[in-house]
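Please open the model in your viewer, switch on the side chains, and keep the selection tool at hand. The stops below are meant to be taken in order.

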Amino acid sequence: MIDPTQLSGGTTTTAPGVSSGKKDELGQDAFLKLMVAQLANQDPFKPVDPSAFLGQLAQFSTVTGIQDMKSSIGSLADSLRSSQVLDGTTMVGHSVLAVSDSAVLGATGEVSGAVDLPEGVSAAVIAVTDASGQLLRRIQLPAKEGTAEFKWDGLMDNGTRAAAGTYD
C-alpha cells in the first residue's frame, strides 16, 4: 500500500492538495493524488513494480465498491422502514380478527368477535366468564358451519354491566 509519508526513497513528503482528514481514511481523490506523486517522485533506477501498482489500484477499487454498497444498502433499509410505516398507517381505523381465548371489555363499549364453527354443528353458545371462572353471560350463535360473528354488550345475564377488565 502507498505510505503517504514515504513517497520517495526515505524522504518525507506530502502530495500537494492532500488533506489530512480522519487519520485512517483516504478518499479516492487523495489516493489518486498520492499515486501520481509516487510515480512522479520514484527513483528512475528502481521504478515501482507494476504488479504492486495494479494491486494497490485493485485494493482501492474494492474498498470503494464496498463503501458504495454499504451506502446503497443503508438507503434501501431506510426506504423499507419508511414503506413499513406507510403501510402500517393504512391499517388505522380497521378491525383485526386475531385468535384469542379472552377479550378486554372497556368501561364503555362492547366486545366483538367471531368463532369458526365446524361442519354439522347443531348448537353453539359463547360463555363469558370472569377471571374466577364465574359465568356472566351466554350468547347464542347461529347453528351453521363457518365463521359466526358475535357481540357482547358488556351486560351480564342479570342485566348489570360487567366491570372493565379481561374476560374469557
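**Overall layout**

Colour the chain by secondary structure and follow the ribbon from the N terminus, where the order of elements reads β-β-α-α-β-β-β-β-β-β; this amounts to two helices and eight strands. Please bear in mind throughout that this is a predicted model. If you colour by accessibility instead, buried residues make up 19% of the 168 residues in the chain. Among contacts with a separation of 6 or more, 53% are between residues 24 or more positions apart.

**The nonpolar core**

Next, select Trp 152 and Tyr 167, which touch the most other members of the largest nonpolar core, a group of 15 residues. Then add the strands β4 (111-117), β5 (124-129), β6 (135-141) and β7 (146-152), each of which supplies at least two residues of this core. As a general background to this stop, nonpolar side chains in soluble globular proteins tend to be buried together.

Keep Trp 152 and Tyr 167 on screen, for both are buried. How many aromatic pairs does the structure hold? There is one aromatic pair in the structure, and it is edge-to-face, because the rings of Trp 152 and Tyr 167 have their planes at 75 degrees, with their centres 5.2 Å apart. The two rings come from distant parts of the chain, since Trp 152 belongs to strand β7 and Tyr 167 to strand β8, 15 residues apart.

Now show everything in contact with Tyr 167, leaving out residues up to four places away in sequence: the list comprises Asp 101, Ser 102, Ala 103, Leu 105, Val 128, Thr 129, Asp 130, Leu 136, Trp 152 and Ala 162. One of these, Asp 130, is the next stop.

**A buried acid**

Select Asp 130, which you will find in the loop between β5 and β6. Which side chain of opposite charge is nearest to Asp 130? That side chain is Arg 138, but it is 13 Å away, and Asp 130, although buried, has no salt bridge. What the side chain of Asp 130 does reach is the backbone nitrogen of Gln 134, at 2.9 Å. Apart from residues up to four places away in sequence, Asp 130 touches Leu 136, Tyr 167 and Asp 168, and the contact with Tyr 167 leads back to the aromatic residue of the previous stop.

**The salt bridges**

Turn now to the charged side chains; in general, side chains of opposite charge can pair when their charged atoms come close. The structure holds four salt bridges.

Begin with Asp 78 and Arg 81, whose side chains meet in a salt bridge at 2.5 Å, N to O. Both residues sit in helix α2 (residues 50-89), and because they are three residues apart there, about one helical turn separates them. Asp 78 counts as partly exposed, with 43% relative accessibility, and Arg 81 is likewise partly exposed, at 48%.

Move on to Glu 110 and Lys 151, which form a salt bridge with their closest N and O atoms 3.5 Å apart. This pair links distant parts of the chain, given that Glu 110 lies in the loop between β3 (103-105) and β4, whereas Lys 151 is in strand β7, 41 residues apart. Glu 110 is partly exposed at 45% relative accessibility, while Lys 151 is exposed, with a relative accessible area of 55%.

Then select Arg 137 and Asp 157, whose side chains meet in a salt bridge at 3.8 Å, N to O. Here too distant parts of the chain are linked, with Arg 137 in strand β6 and Asp 157 in the loop between β7 and β8 (165-167), 20 residues apart. Add Asp 153 to the selection, and you have one network, in which salt bridges that share partners join Arg 137, Asp 153 and Asp 157. Arg 137 counts as partly exposed, at 23% relative accessibility.

**A glycine in the loop between β3 and β4**

Finish at Gly 109, placed in the loop between β3 and β4 and partly exposed at 42% relative accessibility. Its contacts, leaving aside neighbours within four places in sequence, are with Asp 153 and Arg 161. If you draw a distance from Gly 109 to Trp 152, C-alpha to C-alpha, you should read 9.1 Å, although the two are 43 residues apart in sequence.

Methods: Residues are numbered from 1 along each chain as its sequence is written. This is a predicted model: local features need pLDDT of at least 70, side-chain atom pairs count only at pLDDT 80 or more; totals for chains, interfaces and linings use all residues. Side-chain values use heavy atoms; hydrogens and water are left out. A nonpolar core is a set of buried Ala, Val, Leu, Ile, Met, Phe, Trp, Tyr and Cys residues joined through side-chain atoms within 4.5 Å. Buried means under 20% relative accessible area, exposed over 50%, partly exposed in between (1.4 Å probe, protein chains only). Helices (H or I, at least four residues) and strands (E, at least two) are DSSP runs, numbered from the N terminus. Contact means heavy atoms within 4.5 Å. Lys and Arg count as positive and Asp and Glu as negative; His and the chain ends are not counted. A polar contact is a pair of N or O atoms within 3.5 Å; within protein, one must be able to donate a hydrogen and the other to accept it, and residues adjacent in sequence count only if both atoms are side-chain atoms. Rings of Phe, Tyr and Trp (its six-membered ring) pair if their centres lie within 6.5 Å; planes under 30 degrees apart count as stacked, over 60 as edge-to-face and the rest as tilted.
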